Amino acid sequence: MSYDMLFSPMKIGKLEIKNRVVMAPMCMGFGQFDGRVTEAMHNHYVERAKGGVGLIITEISRVNDITGAASFGQLGVSHDYQIDGLRKMADDIHSYGAKIMVELHHPGRQNLGLMIGTVPISVACDKIMGKAYAKLLTGAIIPPGKKLQDKDIVPRTVAPSKCEKSKMAESVNRGLTKLGIKKLVRQFVDGAVRVKKAGCDGVELHAAHGYLIQQFLSPNTNKRNDEYGGSLENRMRFLMEIIDGIRRECGADFPIVVRLSVDEMYEKIGQKGKGYDLQEGLKMAKALSDKGIDAIDVSSAAYDTFNYWLEPTTFECGWRKYLAAEVKKVVDIPVLAANLIRSPEQAEQQLEDGIQDFVSLGRPLLADPHWVNKVEQGRENTVKRCICCLYCFESMENNAYRYTHGNCSVNPFMGRDNVKLKQNGNGRKVVVVGSGVAGLTAAELFSKRGFDVTVLEKSQTYGGQINLADKPPHKEKLHWCVDDLYTNAVQNGVKFEFDTLATPEILDALSPEVVINATGANAVFPKPFQKENVCTVTDILNGNVVLNDKKVAVIGSGMTGLETSELLCEQGNKVSIIEMADEIAPGAYFQQLDDALPKLKAAGTQFFASSKLTEIQSDCVVVENTKTGEKKNIAADFVVLSLGCRPDNSLLDEIKDGKSYKVINIGDSVKIGRIANATQAAFDAVMSVD
């Protein structure tokens with residue numbers, strides 16, 4: 001397919017971008033206390049420029065250290081000392097023909113109360129005692145700080161006016177004074193001046209996803225009765241004053257882009273009438289266009305409606321393209337939009353259809369930094385696609401207070417873009433047993449190092465556990481990861497032998513130097529529960545057991561249990577989910593729950609927490625309340641066990657000792673984990689071989 005529009009140049013203001021691909025801003029935590037560019041951050045962005053991106057918009061960059069620092073690993077433009085590192089990064093990005101803009105940001109009420117004032121303390125400790133001591137000190141503050149935050153005994157975050165807590169942050173907030181507003185306007189402008197001094201090409205103002213600027217735009221969070229609240233014109237005043245200040249200080253030729261949530265999407269979560277909808281969002285977009293900004297970056301939603309701007313894998317690609325299409329009708333400036341684009345065909349089509357002028361790729365460029373070059377060179381089949389698993393954001397959040405960064409499930413090089421594979425395989429033989437994610441990743445990386453790689457797979461096709469994980473409704477994208485790994489492995493010369501059960505004899509005959517044991521895991525199926533009306537989730541997901549119009553009890557409410565329950569509901573069954581813990585899906589990431597639970601509830605699913613399975617009968621299960629000891633019967637024609645998996649080490653036990661080859665055990669055959677754990681384990685294994 002020809003991608004003529006995708007690779008045609010276009011201007012934002014007077015700035016010409018070499019193609020229509022924009023790297024969307026994403027905070028991954030590559031920074032440090034003081035907001036300077038780190039080596040990891042520098043390499044992260046430069047690698048995407050090297051990969052062919054036309055415009056890079058950096059992650060959220062703070063303009064205020066006291067109330068506006070959202071992360072310890074965040075880029076900052078709040079001090080002049082941050083300019084030099086930003087300049088060096090901009091210069092290196094420019095060397096590959098790409099442009100760079102910096103996204104100016106303040107979290108407002110979506111910050112954590114325990115973050116207020118913490119970063120300046122950390123910066124001071126860093127200067128006085130060094131980074132290691134500063135980390136120790138801050139690490140000692142954060143755990144008790146979280147407990148205090150739960151009790152609202154922390155500094156208050158700022159907002160246009162006192163309003164409800166934000167989902168996720170759930171911090172008590174306070175309204176800004178007029179003096180505070182004016183000071184923040186000045187700080188946004190000063191931040192833009194520093195961006196220009198660093199030789200960057202423009203700024204993007206983050207007026208989306210429920211952060212401070214959008215909080216002023218929304219009647220849900222802006223209840224002021226002065227010139228900054230009430231009418232739409234007043235609610236836009238904070239943003240307009242920032243734009244005026246940047247124009248005054250940086251000049252008319254310095255591009256300003258506004259990232260705007262044009263619909264808060266409250267209707268999607270059953271709260272119609274709350275906040276603002278698309279009709280008012282379009283009025284904002286037109287006002288900004290009339291104001292003379294250079295482009296608008298169309299987005300949607302906020303933290304309260306999280307899944308409608310950072311979508312889980314179940315969402316259809318391009319589902320929100322209608323937002324950009326409507327904005328295009330009312331503005332006369334370029335429109336950027338992400339729109340959950342996951343293929344070059346989709347990108348080109350949306351450009352041709354006039355839905356948008358630039359394609360914003362966020363997570364896809366985490367998954368594959370060279371997405372653009374591969375497509376332009378006709379190698380789009382080798383692109384590693386984003387599977388929308390949300391691990392990038394989840395891991396960034398989890399690592400935010402551990403002074404490390406987010407990761408990508410399908411790209412183990414995330415955060416170490418400067419790491420190069422040794423080219424010293426020299427035809428030495430490697431045998432990989434198993435072609436799930438771990439096995440395929442190891443096979444591809446070993447082949448790229450020049451090893452002669454053979455994969456032995458006992459089934460008829462590759463994929464391992466992914467061949468089960470992709471079976472619940474709308475989970476098809478998950479299979480992309482193994483499709484892409486397989487394609488790249490084959491292109492690098494890996495040989496596959498399917499329908500081949502690896503044995504010590506077969507391995508001896510192949511005479512490898514290294515054997516990678518990636519044999520995966522099997523579902524737990526306790527003997528006392530092995531009855532005619534009982535199976536594991538594996539049997540449901542692989543189609544060995546198909547149930548219709550049954551009363552089904554699913555034992556275990558982890559994400560596998562919930563997703564299998566979705567499939568059972570779709571097949572017309574009435575499902576009861578039984579969980580021994582005190583809450584459903586303990587430890588599951590909130591976005592996944594927000595996606596799954598409403599669908600299950602809409603299908604009439606019943607949930608029983610604090611319930612231990614004690615007996616399975618022909619027409620019911622008997623459960624015991626873990627708090628009261630009370631027993632009850634729950635009607636069930638069939639029982640599906642979702643009790644986790646156990647590593648399959650049957651081959652490993654036979655080959656781990658006394659062999660001429662080195663054996664490395666990876667993936668679920670070591671410890672049950674996720675896709676990211678599998679790719680990371682494979683990466684580590686490959687790097688460990690000299």
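## Leu 114 and the loop after β6

Leu 114 sits in the loop that runs between β6 and α3 (118–129). This is a predicted model, and in it Leu 114 comes out buried, with a relative accessible area of 9%. Pair Leu 114 with Ala 676 and you get two residues that are 562 apart in sequence and, C-alpha to C-alpha, 29 Å apart in space.

## Glu 103 in strand β6

Step back into the strand itself and there's Glu 103, part of β6 (residues 99–105). Glu 103 is a buried residue, at a relative accessible area of 1%. Its C-alpha atom is separated by 5.7 Å from that of Val 203, although the two residues are 100 apart along the chain.

What does Glu 103 touch, once residues up to four places away in sequence are not counted? The list takes in Pro 25, then the run Ile 57, Thr 58, Glu 59, Ile 60 and Ser 61, and finally Glu 204, His 206 and Arg 259.

## α5 against α8

Now for some helix packing. Two packed helices are described by the angle between their axes and the distance between the axes. For α5 (residues 178–197) and α8 (residues 237–250), the axes come within 9 Å and cross at roughly 40°. That crossing angle makes α5 oblique to α8, and the crossing is right-handed.

From α5, the residues in this contact are Ile 181, Lys 182, Leu 184, Val 185, Arg 186, Phe 188, Val 189, Ala 192, Val 193 and Lys 196. They meet Phe 238, Glu 241, Ile 242, Gly 245, Ile 246, Arg 248, Glu 249 and Cys 250 of α8. Sort the contact of α5 with α8 by class and you find 11 nonpolar, one polar and six charged residues.

## α8 against α9

Helix α8 also packs with α9: here the axes come within 12 Å and cross at roughly 20°. An angle under 35 degrees counts as roughly parallel, so α8 is roughly parallel to α9. Here, too, there's a right-handed crossing as α8 passes α9.

On the α8 side, the contact is made by Leu 239, Met 240, Ile 243 and Asp 244. Ala 287, Leu 288 and Lys 291 do the job for α9. The residues in the contact of α8 with α9 split into five nonpolar, no polar and two charged.

## α9 against α10

Helix α9 (residues 278–291) has a contact with α10 (residues 321–330) as well, with axes that come within 9 Å and cross at roughly 45°. At that angle α9 is oblique to α10, and α9 passes α10 in a right-handed crossing.

Which residues of α9 meet α10? They are Leu 278, Leu 282, Ala 285 and Lys 286, and their partners in α10 are Tyr 322, Leu 323, Glu 326, Val 327 and Val 330. Seven residues of the contact of α9 with α10 are nonpolar, none is polar and two are charged.

## Loops on either side of α10

Ala 301 is found in the loop between β11 (295–299) and α10. Its phi is positive, at about 70°, although Ala 301 is not a glycine. Is Ala 301 buried or exposed? At 0% relative accessibility, Ala 301 counts as buried.

Over in the loop between α10 and β12 (335–337) you'll find Ile 333, which also counts as buried, at 11% relative accessibility. Leaving aside neighbours within four places in sequence, Ile 333 is in contact with Ser 289, Ile 293, Asp 294, Ala 295, Ile 296 and Asp 357. Ile 333 and Ala 489 are 156 residues apart in sequence, and their C-alpha atoms are 43 Å apart in space.

## Another positive phi

Glu 170 isn't a glycine either, yet it has a positive phi, of about 50°. You can look for Glu 170 in the loop between β7 (157–159) and β8 (173–175).

## Cysteines

How many disulfides does the structure hold? Zero. Cys 645 is in no disulfide, and the nearest cysteine sulfur, that of Cys 535, is 13 Å away. A disulfide would need the two sulfur atoms within 2.5 Å.

As for accessibility, Cys 645 is partly exposed, with a relative accessible area of 31%, whereas Cys 125 is buried at 12%.

Note on methods: Residues are numbered from 1 along each chain as its sequence is written. This is a predicted model: local features need pLDDT of at least 70, side-chain atom pairs count only at pLDDT 80 or more; totals for chains, interfaces and linings use all residues. Side-chain values use heavy atoms; hydrogens and water are left out. Axes are lines fitted to C-alpha atoms, for helices over the stretch in contact, and angles run from 0 to 180 degrees between N-to-C directions. Helices (H or I, at least four residues) and strands (E, at least two) are DSSP runs, numbered from the N terminus. Angles under 35 degrees count as roughly parallel, over 145 as roughly antiparallel, 65 to 115 as roughly perpendicular and the rest as oblique. A crossing is left-handed if the near helix is turned anticlockwise from the far one by less than a right angle, and right-handed if clockwise. Contact means heavy atoms within 4.5 Å. Ala, Val, Leu, Ile, Met, Phe, Trp, Tyr, Cys and Pro count as nonpolar, Asp, Glu, Lys and Arg as charged, and the others, Gly among them, as polar. Buried means under 20% relative accessible area, exposed over 50%, partly exposed in between (1.4 Å probe, protein chains only).
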